[in-house]
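Hi,

Here is the structure I promised to pass on to you. Have a look at it first, and then read on for what turned up in it.

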Amino acid sequence: SSIASFAEAGADLELAGITKRFPGFTAIEELDLSIPAGSFFALLGPSGCGKTTTLRLVAGLEEPTSGRILIGGADVTSTKPFQRPVNTVFQSYALFPHMTILENVAFGLRRRKIADAVGKAHEALKLVELDHVAARRPAQLSGGQQQRVALARAIVNRPALLLLDEPLGALDLKLRRQMQLELKTIQTEVGLTFLHVTHDQEEAMTMADTVAVMNKGRIEQMGAPEELYELPRTAFVANFLGQSNLFTGDVVASTADHITVDVAGVPIVVPRKRAQRHAGEVAIGVRPEKVSLLTEAPTPEAGRNVLGPGRVTDVSFSGVSTQYLVEVPGVGELIVFAQNMVFGPVVAVGAEVWLSWNAEHGFGLDDDPG
Ligand code: ATP
């Protein structure tokens with residue numbers, strides 16, 4: 001019997017040892033992933049890292065070279081796409097142009113002879129706040145509205161698992177931000193499991209409760225957005241989710257609470273529990289917004305790291321904050337984000353500056369340095 005029922009709740013998804021090889025190219029390698037029912041899970045990574053291939057494997061549009069896929073505990077590895085309790089919303093949301101919005105949403109239900117297709121379609125349209133345009137045709141809606149119709153059309157089927165492949169990619173920035181919040185609200189309301197694929201780190205962090213960062217067919221790190229941002233474990237994650245200042249050096253002291261790393265002759269302290277490695281040569285980092293820019297050498301203070309003097313090489317104003325690039329001899333170029341509290345930049349290009357941050361805000365990577 002087929003498991004293509006109309007789930008009332010989301011199902012969990014498990015990928016166990018999935019490898020996908022195309023002729024001459026391995027797109028996914030030994031991927032293990034466990035997504036709890038009812039969660040909003042984002043697969044985040046650069047173009048070509050294997051995100052879409054992973055979604056297509058879950059949808060049944062591709063067959064894995066090896067490994068198993070389980071939805072709600074049932075092995076669907078060899079199940080036909082239409083028999084999987086899955087729906088996909090793509091970036092190109094092809095609605096039927098000659099049908100009304102209501103007919104578009106009710107189409108799938110009617111074809112499967114589900115009772116009260118019209119009533120259910122109205123319900124789905126209410127959810128995306130478009131019931132008032134039910135009688136219109138797609139061409140009479142904006143891009144964002146059409147995307148919401150595509151979402152209603154997928155949700156009306158009550159798939160246990162909804163796959164979203166860059167569904168907001170075609171929208172302009174403002175609409176995209178608005179839709180991100182709406183999509184999150186809808187997911188919470190319907191309680192289905194959402195697997196969202198995107199290359200947009202802000203989108204993934206805004207919407208998902210768990211983010212998996214993917215790189216070259218593997219998952220580099222997985223966790224809550226705050227956790228990934230605060231404690232990236234690899235340089236790839238540290239730079240793909242926001243920006244980071246990264247340094248390498250030898251651990252020269254180690255206590256129960258902290259490690260001290262020699263960075264070009266300067267001792268930099270990192271909390272032990274925020275560092276992956278505690279001995280030898282290590283890579284450490286700090287986020288640009290955690291660093292303060294000072295125009296005078298600060299008095300040494302326990303618990304604060306200081307680098308400098310350096311020279312400001314670039315200043316760029318972006319509204320809420322200003323980004324400074326600072327060249328520190330022997331260390332390299334650092335980036336600092338300063339919140340704009342006063343009119344105009346505080347420091348100009350060419351100024352001599354020191355950089356300082358609370359030692360508790362640093363992190364240590366698990367990468368092999370260099
Ligand atoms: P994007 O964000 O650009 O869509 P992605 O992370 O979704 O990227 P995939 O589409 O999953 O990436 O592709 C992963 C890799 O597998 C790419 O290098 C791609 O060229 C390759 N690939 C995908 N489909 C095939 C195929 N049918 N034959 C050969 N190689 C493929």
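Before we begin, one term: two strands count as a pair if DSSP finds at least two bridges between them. Please also keep in mind that this is a predicted model.

With that in hand, look at strand β1 (residues 13-22) and strand β4 (residues 66-71): they pair in the antiparallel sense over 5 bridges. Across this pairing, A16 stands opposite R68 in β4. On β4 there is also an antiparallel partner in strand β5 (residues 74-75), joined by 2 bridges, and here I71 faces A74. β4 and β5 make a hairpin with 2 residues between them, and G72 in the turn has a positive phi of about 55 degrees.

Now jump ahead along the chain. Which strand is joined to β16 by 6 bridges? That is β17 (residues 321-328), antiparallel to β16 (residues 304-317), with V326 as the bridge partner of V312. Their hairpin has 3 residues between the strands, and G319 takes a positive phi near 90 degrees. β17 then joins antiparallel β18 (residues 332-339) through 8 bridges, and V328 is partnered by G332. This hairpin also has 3 residues between its strands, with G330 at a positive phi near 85 degrees.

Finally, the ligand. The residues around it include F22, G48, K51, T52 and H199. β2 (25-35) and α1 (51-59) are the elements that give two or more residues to this shell, and the largest share, 3 residues, comes from α1. By class, the shell has 4 nonpolar, 7 polar and 1 charged residues.

Enjoy exploring!

Technical notes
Residues numbered from 1 in each chain as written. Predicted model: local features only at pLDDT ≥ 70, side-chain atom pairs only at ≥ 80, totals over all residues. Near = placed C-beta within 6 Å. Helix = DSSP H or I, 4+ residues; strand = E, 2+ residues; numbered from the N terminus. Nonpolar A, V, L, I, M, F, W, Y, C, P; charged D, E, K, R; others polar.
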